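Work through the exercises below with the model open. Try each task before you read its solution.

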Amino acid sequence: MSERKAALEQVGQHSRWQIRLNFVHTDAAVIVIHDIFGWQLPNTRYIADLVASNGYITICPDFFKGGEPWKPSDDISQLGEWLKTRDPKNIDKEIDVVLRYLKEECYVTRIGVIGFCWGGSAVHHLMLNYCIFTAGVSLYGSVGLMEDNFNLKNPTFFIVAEKDEVVPVDRYIQVTKKLKKECKVDFEVKIYPGQTHGFVHRKREDINPQDKPYIEEARRDMLAWLCKYI
């Protein structure tokens, strides 16, 4: 595994991020989009490290632009109101800053994106609106926060948990029907048996033996999709 270094940067007034730079030269990068718990969640940073260790420049921006992430102790009845100021479809300014940085400072020519829950919905938005991405992976993206449009511009892989208590699997049965009808690029929706919300970026100490094979399979599938299209 190549060495990596981490840096915390601020660019203009919009962006804070953590970046993983491989010392091995590459023109390929992956943007990692966090869930409602924000860019500093250790679970998300672990996946950023995993992706970087597979040969990509990996960047995890703060898409809440310095705003407070959701906390497990927050009143769940207020989540809908909280989300009104954190629309995953309203990330274009942040994405444009990050893309410019990757192209001008890192000389990247091939870019993929992955996202978790809230970030998975953001991936769907980007796959609809940005041709620059060569691949996207939406991990248990919140269907309720997505646009009702599935004519994607780029190959997209949807990772779904069968027992997801946040995004019921039935929602993705409907998404699959819409993709088959509307999407003209390669896509896949894969349901992982017995898994619950957040399973792919679960912390090592929270992984039980019966879930481990599916978590490892999903991580391999995510990396394989990125490798295939980036």
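## Exercise 1: a salt bridge across the chain

D27 and R110 form a salt bridge, with the closest N and O atoms 2.5 Å apart. A salt bridge here is a side-chain nitrogen of Lys or Arg within 4 Å of a carboxyl oxygen of Asp or Glu. The model is predicted: local features need pLDDT of at least 70, side-chain atom pairs count only at pLDDT 80 or more, and totals for chains, interfaces and linings use all residues. Residues are numbered from 1 along each chain as its sequence is written, and side-chain values use heavy atoms, with hydrogens and water left out.

Task: state which parts of the chain the pair D27 and R110 ties together.

Solution.
- Step 1. Place D27: it lies in the loop between β2 (15–22) and β3. Helices (H or I, at least four residues) and strands (E, at least two) are DSSP runs, numbered from the N terminus.
- Step 2. Place R110: it lies in strand β5. The pair therefore ties together parts that are 83 residues apart in sequence.
- Step 3. Check exposure. D27 is partly exposed, with a relative accessible area of 25%. R110 is partly exposed too, at 31%. Buried means under 20% relative accessible area, exposed over 50%, and partly exposed in between (1.4 Å probe, protein chains only).

## Exercise 2: other salt bridges

Task: find how many salt bridges the whole structure has, then examine K84 and K228.

Solution.
- Step 1. The search of the whole structure finds 10 salt bridges.
- Step 2. K84 pairs with E81, the closest N and O atoms being 3.1 Å apart. K84 counts as exposed at 61% relative accessibility. E81 counts as partly exposed at 48%.
- Step 3. K228 pairs with D186, the closest N and O atoms being 3.7 Å apart. K228 lies in helix α6 (residues 212–229) and D186 in the loop between α5 and β8 (187–192), so this pair ties together parts that are 42 residues apart in sequence.
- Step 4. K228 is exposed, with a relative accessible area of 57%, while D186 is partly exposed at 33%.
- Step 5. K190, E217 and D221 are joined into one network by salt bridges that share partners.

## Exercise 3: helix α3

Task: test the length of helix α3 against its expected span.

Solution.
- Step 1. Helix α3 covers residues 92–105, which is 14 residues.
- Step 2. The expected span is 1.5 Å times one less than the number of residues. For α3 this should give 20 Å.
- Step 3. The end C-alpha atoms of α3 are 19 Å apart, which agrees.
- Step 4. List the buried residues of α3: E94, I95, V97, V98, L99, Y101 and L102. An α-helix has 3.6 residues a turn, so residues three or four places apart point the same way.
- Step 5. Look past the helix. Y107 follows α3 and has a positive phi, near 55 degrees.

## Exercise 4: the nonpolar cores

Task: identify which residues of the largest nonpolar core touch the most other members.

Solution.
- Step 1. A nonpolar core is a set of buried Ala, Val, Leu, Ile, Met, Phe, Trp, Tyr and Cys residues joined through side-chain atoms within 4.5 Å.
- Step 2. The largest core has 41 residues; I31, I33, I95, L102, L126 and F133 touch the most other members.
- Step 3. Elements giving two or more residues to this core include β3 (28–33), α3 and β5 (110–116). Its largest share, six residues, comes from α4.
- Step 4. Take L126. Neighbours within four places in sequence aside, L126 is in contact (heavy atoms within 4.5 Å) with I33, I91, I95, V113, F133 and N154.
- Step 5. Another core lies apart from it, with 30 residues, among them W39, F116, Y140 and I230.

## Exercise 5: S121

Task: is S121 buried or exposed, and what does its side chain reach?

Solution.
- Step 1. S121 lies in helix α4.
- Step 2. S121 counts as buried, at 1% relative accessibility.
- Step 3. Its side chain reaches the backbone oxygen of S142 at 2.7 Å.
- Step 4. Residues up to four places away in sequence aside, S121 touches P88, S138, G141, S142, L145 and M146.

Notes
Polar contact = N/O pair within 3.5 Å; in protein donor to acceptor, adjacent residues only side chain to side chain.
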